[in-house]
Amino acid sequence: MDIINNIKTIELLINQFNKRLHTIENSKELLRFIRYSNNHSSTDNGSIIAIDGSMDYEERLEMLFFYVNAMAYSANLTTKKEVRFGNDIRRSSIGISSIIPLWYSDISNIVDESDEFDARYNLDKIPYMLMTMAELYSAYNAVNVCKDLKLIILDRALIRTFASLIREVKKLIRIKRSALFLDTRYGKVSLSDIKIAYMLGDGSIYVPARGAYAKYAIIKELLDGEKSRDELAKRLRIDIDKHIKYLKDLDIFDRTDSTLKLSEYTKNYWQRISSVTNTLINNIFNNNEYPFVINDKWLTLLDISALNLFLLYELIGKVLKENILMIGIVKDMNTTEFIRAIMPYYKIILQPNILSNDRALFTMLSATHNIDTPWRSISYDGAFTSLIYDKERDTLKAARKAIFRERLFVRAYFQLRRYKNNLRSPVFMYDRLFYPKFDMKYLKEVEAEEWNNTSKLELFIDGSNIDDLYLSMLANLDSKEIYEAYGHNYLLYLADKAAKADIRHMRSMLEGMVNLYVNRGEIRKVSSLTKSFREQRYDIERARV
């Protein structure tokens with residue numbers, strides 16, 4: 001009887017799948033979301049670099065060893081009538097490889113108090129955050145070292161990385177404790193510096209004048225010099241007095257009754273933040289001393305999140321200034337914003353319970369309509385990732401009270417290859433930066449609700465020539481011969497394999513060194529006493545094998 005019920009369940013699922021396929025096949029209006037590469041080049045010759053990291057950890061002698069790295073591969077970019085890459089693919093020297101130690105008993109000193117008792121979560125989180133740092137720092141070094149650099153490819157979702165770091169740094173600001181409060185040549189880092197940098201970065205990126213962002217938009221305006229309240233109100237279209245009261249605790253103003261002016265100390269916030277960020281990151285990867293203790297203070301996971309956020313801001317500022325393209329390619333995603341926000345914006349709504357996953361949507365769409373490759377979806381502002389359609393009120397609204405900041409990241413889906421029998425490479429996604437120079441003319445006004453108020457947003461949507469250029473680049477940078485790189489990215493494939501091999505090498509090297517020291521008499525006695533029975537049994541069982 002159970003077997004019969006299981007068969008019926010399987011038949012039901014198959015019928016639902018076929019129903020979804022037929023729905024997508026009959027929804028020809030969805031084809032409006034597909035764009036093709038025109039192979040038109042708008043960039044000079046130069047180089048491209050792809051960066052991927054790996055991580056691992058193990059416990060030995062009551063110590064934790066975190067293995068983290070970021071490997072990079074580069075190639076030359078040539079542009080005549082179309083985008084092409086040469087065969088001179090090589091491993092770059094800007095990668096990072098490091099073994100970072102931590103006494104097991106010290107974990108409680110570096111984790112957030114709310115996570116203190118979730119040991120497994122923290123043991124996975126520490127190397128992941130260090131790997132993120134290694135990847136971002138490698139990209140930052142590439143911008144400084146490679147003078148002809150045109151494109152940086154990262155193996156991560158930029159929007160998700162940024163959003164998670166913002167959440168962690170918000171916790172740091174709330175507890176008001178940090179090892180980042182250090183002296184620099186520009187003065188000592190203060191909590192106000194962290195609060196400003198956490199939203200403004202280096203001050204070069206757009207900050208929306210709405211909701212919780214409005215007070216930071218005021219600060220950004222004042223970085224250029226003092227302004228009257230009336231001038232600020234006119235430029236930002238907000239009630240200045242309403243938002244100024246939220247800035248009182250920062251103690252950042254030299255002000256009169258009619259004008260607002262940042263103090264000279266406040267104007268140098270980024271110099272202090274940048275100085276501490278680079279000093280501490282260099283200390284983590286290049287110092288032989290214990291990297292988690294800075295001037296007798298513990299560098300916590302929240303501090304590391306802040307360093308990663310500030311490093312990401314610094315990288316964004318650099319690539320925008322140098323007109324370098326940067327994207328993050330995402331292999332595995334469970335995103336839904338195209339169905340729940342983009343399609344309703346275009347007044348296209350699928351039947352209930354048909355599909356809720358964007359990758360499944362585009363996979364079925366490309367197969368059922370036999371779409372030529374390479375193709376990409378229309379690209380859209382990162383703010384759409386936080387929106388959802390309210391059917392009853394026929395409007396877009398924040399999925400979780402607040403809307404993600406606009407004009408910072410742009411997202412699109414793409415597919416590069418298909419076989420002769422119409423089997424296709426997977427649908428992937430990329431996040432890229434918003435480039436005001438190219439993207440401003442594609443802004444459209446969108447009304448959406450957040451915090452029970454209606455906000456008027458200017459969001460990027462539908463795509464620009466820069467997305468066509470990205471598709472042309474990606475379409476020429478996969479590999480027909482290697483399955484893992486087919487329809488994906490050959491440079492990222494090489495970086496991934498190199499990163500994993502490097503981790504294996506570091507583990508075997510450290511294991512030999514530790515065994516050499518442990519076999520010394522006194523250390524061996526202590527080691528046998530500190531190891532748990534389970535650990536000793538594991539060592540014996542592994543030795544037998």
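Tutor: Two strands pair if DSSP finds at least two bridges between them, and helices (H or I, at least four residues) and strands (E, at least two) are DSSP runs numbered from the N terminus. This is a predicted model, in which local features need pLDDT of at least 70 and side-chain atom pairs 80 or more, whereas totals for chains, interfaces and linings use all residues. Residues are numbered from 1 along each chain, and side-chain values use heavy atoms, without hydrogens and water.

Student: How many bridges join β21 to β22, and how do these strands run?
Tutor: Strand β21 covers residues 443–450 and is also joined, by two bridges, to the parallel strand β18 (residues 395–398). With β22 (residues 453–460), β21 runs antiparallel, and the bridges joining them number eight.

Student: Which residue of β22 is the bridge partner of E449?
Tutor: On the β18 side, E449 of β21 stands opposite K397. In β22, the bridge partner of E449 is T454.

Student: In the hairpin of β21 and β22, which residue takes a positive phi?
Tutor: The strands of this hairpin have two residues between them. The positive phi, near 50°, belongs to W451.

Student: Which residues does A402 touch, leaving out those up to four places away in sequence?
Tutor: A402 lies in the loop between β18 and β19 (409–415), and its C-alpha atom is separated by 8.9 Å from that of L387, 15 residues away along the chain. Taking contact as heavy atoms within 4.5 Å, A402 touches W451 of the hairpin. The full list of residues touched by A402 is S386, E450 and W451.

Student: Is A402 buried, partly exposed or exposed?
Tutor: Buried means under 20% relative accessible area and exposed over 50%, with partly exposed in between (1.4 Å probe, protein chains only). Because the relative accessibility of A402 is 35%, this residue counts as partly exposed.

Student: At what angle do α1 and α13 pack?
Tutor: Helix α1 (residues 2–25) brings F17, R20, L21, I24 and E25 to meet L361, M364, L365 and T368 of α13. The axes of α1 and α13 (residues 358–368) are 9 Å apart, being lines fitted to C-alpha atoms over the stretch in contact, with angles from 0 to 180 degrees between N-to-C directions. The two helices pack at an angle of about 65°.

Student: What share of the contacts with a separation of 6 or more comes from residues 24 or more positions apart?
Tutor: The chain holds 18 helices and 22 strands, and 53% of its 545 residues count as buried. Of the contacts with a separation of 6 or more, residues 24 or more positions apart account for 72%.
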